[in-house]
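Me: I've got this model open and I'd like a close look at a single part. Could you walk me through the loop that runs up to the last helix, and then how it ties in with the rest?

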Amino acid sequence: MPVPSAYEPAGTGPVRRARSAFTIRLWAVRHAGFLEKVYTLLADLFLGLHPLWKAVGYQRVEKPVVLVERTVKAFVFDCRMCGECALSKTGMSCPMNCPKGLRNGPCGGVRANGNCEVEPDMPCVWVEGWQGSRQMAGGEAIHTVQPPVDHSLRGTSSWLRVTARAAAARDAANSEEAAP
Ligand code: SF4
């Protein structure tokens, strides 16, 4: 009697990449606590440089910053430059590596070994993300519901966006304090 196999949609096959393809990404998750500290330092540095970005123009610095951000984050996180980085809320596991692009937790297809149902040799980015979040001081942020991806931001710098928002929030708080 033939052994029943798992259902597979017609005309498709699982994507197979060697586990070594995910080595650095998995390292990042294992060191999520350390990377969180690096991220905080970097965010403070960028915020400190806000007067410079403003003087030169955020638009003008976008291109060189994107080049650096893309290079660094592609190497460490397999970043897809979605433009709205969620790493600090996803245990340093980039959710855009989920073949289904899920930004709010795993689907129901995670395999018993914790791997992805679409890419059987790839650890589920959300299983990894949960483990990474347990090492982070701000790990509880993984419970935050993420808004849908805004595809118009794709390819833009998340670093600059976060900096501009933080600077605007800081300025608003300062002017509230200064108000009589
Ligand atoms: S969440 Fe977006 S910006 Fe952050 S690493 Fe993933 S693709 Fe890159």
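Reply: Here is a walk from one loop residue out to the ligand, the kinked helix and the core.

Keep in mind that this is a predicted model. The chain has six helices and zero strands, so to speak a plain α-α-α-α-α-α when you read along the sequence. Its C-alpha trace spans about 85 × 30 × 25 Å along the principal axes.

Start at Leu-153, which sits in the loop between H5 and helix H6 (158-178). Is Leu-153 buried or partly exposed? It counts as partly exposed, because it has 14 C-beta neighbours inside 10 Å, and 20 or more would be needed for buried. Setting aside residues up to four places away in sequence, Leu-153 touches Cys-82, Gly-83 and Glu-84. The Gly-83 pairing bridges a long stretch of chain: 70 residues apart in sequence, yet 5.0 Å from C-alpha to C-alpha. That fits the overall picture, where residues 24 or more positions apart make up 72% of the contacts with a separation of 6 or more.

Cys-82 takes us on to the ligand. Cys-82 is among the residues that come nearest to it, along with Cys-79, Cys-85, Cys-94 and Met-96, out of 13 around the ligand. By type, that shell divides into 10 nonpolar residues, one polar and two charged.

Step back a little in sequence and you reach H4, residues 58-77. Just after H4, Asp-78 takes a positive phi of about 60°. H4 itself isn't straight: there's a kink of about 35° centred on Pro-64. You can see it in the end-to-end distance too, since the end C-alpha atoms of this 20-residue helix are only 25 Å apart, where a straight one would reach 28 Å at 1.5 Å a residue.

Now the core. Cys-94, one of the residues nearest the ligand, is also among the members of the largest nonpolar core that touch the most other members. That core has 20 residues, and Ala-28, Ala-32, Phe-77, Leu-87, Met-92 and Val-125 are in that well-connected group as well. Helix H1 (23-30), helix H2 (32-48) and helix H5 (125-133) each supply at least two of the core residues. Nonpolar side chains tend to be buried together in soluble globular proteins. For a feel of the packing, take Ala-32: beyond its neighbours within four places in sequence, it is in contact with Gly-91, Met-92, Gly-132, Ser-133, Gln-135 and Met-136. Across the whole chain, 23% of the 180 residues count as buried.

How values were computed:
Residues numbered from 1 in each chain as written. Predicted model: local features only at pLDDT ≥ 70, side-chain atom pairs only at ≥ 80, totals over all residues. Near = placed C-beta within 6 Å. Nonpolar A, V, L, I, M, F, W, Y, C, P; charged D, E, K, R; others polar. Helix = DSSP H or I, 4+ residues; strand = E, 2+ residues; numbered from the N terminus. Expected span 1.5 Å × (residues − 1). Bend = angle between axes of the 7 residues up to and from the residue. Buried ≥ 20, exposed ≤ 12 C-beta atoms within 10 Å, placed from the backbone. Contact = placed C-beta atoms within 7 Å. Core = buried A, V, L, I, M, F, W, Y, C linked by C-beta atoms within 7 Å.
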